Amino acid sequence: TIPPSSSVNYPILSQINLMAIGTSTTTIAAGSGVTIRFQDNAVSFVTFMYQYGIATLIKIGANEWKVAGEVE
């Protein structure tokens, strides 16, 4: 879960790299008040496409993150 800036205030343009290690479904979820930007949409969560999939989160605004990678 991506925490709101009031909990953890990452600087704008911070990047967090993630990898899905387990065999079960791995999800990246937005915390309270957080927006995830994926492709052309604002979403509340994304799911890794497969085991060992990778993704990068980039903070683009207060409580707003862009996600790119092997997620859907």
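## A walk through a seven-strand model

A polar contact of 3.0 Å joins the side chains of Ser5 and Lys59, and this pairing is a good place to start our tour of what is a predicted model. Ser5 sits in the segment before β1, the strand that spans residues 15-19. With a relative accessibility of 16%, Ser5 counts as buried, because the cut-off for that class is under 20%. Setting aside residues up to four places away in sequence, Ser5 touches Ala62 and Asn63 as well as Lys59.

Let's step back and take in the whole protein. There are seven strands and zero helices, so anyone following the chain by the DSSP runs reads the pattern β-β-β-β-β-β-β. Along the principal axes, the C-alpha atoms fill a box of roughly 30 × 25 × 20 Å. The radius of gyration is 12 Å, which agrees with the value near 11 Å that a compact globule of 72 residues would have. Of those 72 residues, 29% are buried. The accessible surface comes to about 4400 Å², and carbon and sulfur atoms hold 53% of that surface. Contacts across the sequence are worth a look too: among contacts with a separation of 6 or more, 59% link residues 24 or more positions apart.

Back in the segment before β1, we can pick up an aromatic thread. How many aromatic pairs are there in this model? The count comes to one. The partners are Tyr10 and Trp65, whose ring centres lie 5.6 Å apart with the planes at 85°, so the pair is edge-to-face. Tyr10 belongs to the segment before β1 while Trp65 belongs to strand β7, so the pair ties together parts that are 55 residues apart in sequence. The surroundings of the two rings can be compared through their accessibility: Tyr10 is partly exposed, with a relative accessible area of 31%, whereas Trp65 is buried at 1%.

Ile16 brings us to strand β1, and this residue meets both members of the aromatic pair. Leaving aside neighbours within four places in sequence, Ile16 is in contact with Tyr10 and Trp65, and also with Ala55, Thr56 and Leu57. At 24% relative accessibility, Ile16 counts as partly exposed. The C-alpha atoms of Ile16 and Ile58 are separated by 6.7 Å, although the two residues are 42 apart along the chain.

Is Leu13, also in the segment before β1, buried or exposed? Leu13 counts as exposed, with a relative accessibility of 62%. Beyond residues up to four places away in sequence, Leu13 touches Ile58 and Lys59. That brings back Lys59, the partner of Ser5 in the polar contact we began with. From Leu13 to Gly61, 48 residues along the chain, the C-alpha separation is 8.2 Å.

Now for the interior. The largest nonpolar core has 13 residues, and those touching the most other members are Ile2, Ile28, Val67 and Val71. Strands β3 (35-38), β6 (54-61) and β7 (64-69) are the elements that give two or more residues to this core. Val71 makes a handy viewpoint here: not counting residues up to four places away in sequence, Val71 touches Ile28, Phe38, Val46, Thr47, Phe48, Met49 and Ala55.

Two of those contacts deserve a closer look. Phe48 lies in the loop between β5 and β6 and is buried, with a relative accessible area of 8%. The C-alpha atoms of Phe48 and Val71 are separated by 4.2 Å, with their positions 23 residues apart along the chain. Leaving aside neighbours within four places, Phe48 has contacts that include Leu18, Met19 and Ala20, then Thr26 and Ile28, and further along Gly53, Ile54 and Ala55. Glu70 and Val71 are also among the contacts of Phe48.

Thr47, the other residue, is placed in strand β5 (residues 45-47). What does Thr47 touch beyond its neighbours within four places in sequence? The contacts are Thr25, Thr26 and Thr27, together with Glu70, Val71 and Glu72. Thr47 is buried, with a relative accessible area of 16%. Thr26, Glu70 and Val71 thus appear in the contacts of Thr47 and again in those of Phe48, a good spot to finish the tour.

Conventions: Residues numbered from 1 in each chain as written. Predicted model: local features only at pLDDT ≥ 70, side-chain atom pairs only at ≥ 80, totals over all residues. Heavy atoms only, no water. Helix = DSSP H or I, 4+ residues; strand = E, 2+ residues; numbered from the N terminus. Buried < 20%, exposed > 50% of the residue type's maximum accessible area, 1.4 Å probe, protein only. Contact = heavy atoms within 4.5 Å. Core = buried A, V, L, I, M, F, W, Y, C linked by side-chain atoms within 4.5 Å. Polar contact = N/O pair within 3.5 Å; in protein donor to acceptor, adjacent residues only side chain to side chain. Phe/Tyr/Trp six-rings, centres within 6.5 Å; stacked < 30°, edge-to-face > 60°. Rg over C-alpha atoms; globule rule 2.2 N^0.38 Å. Areas by Shrake-Rupley, 256 points an atom, 1.4 Å probe, with all protein chains shown as cover.
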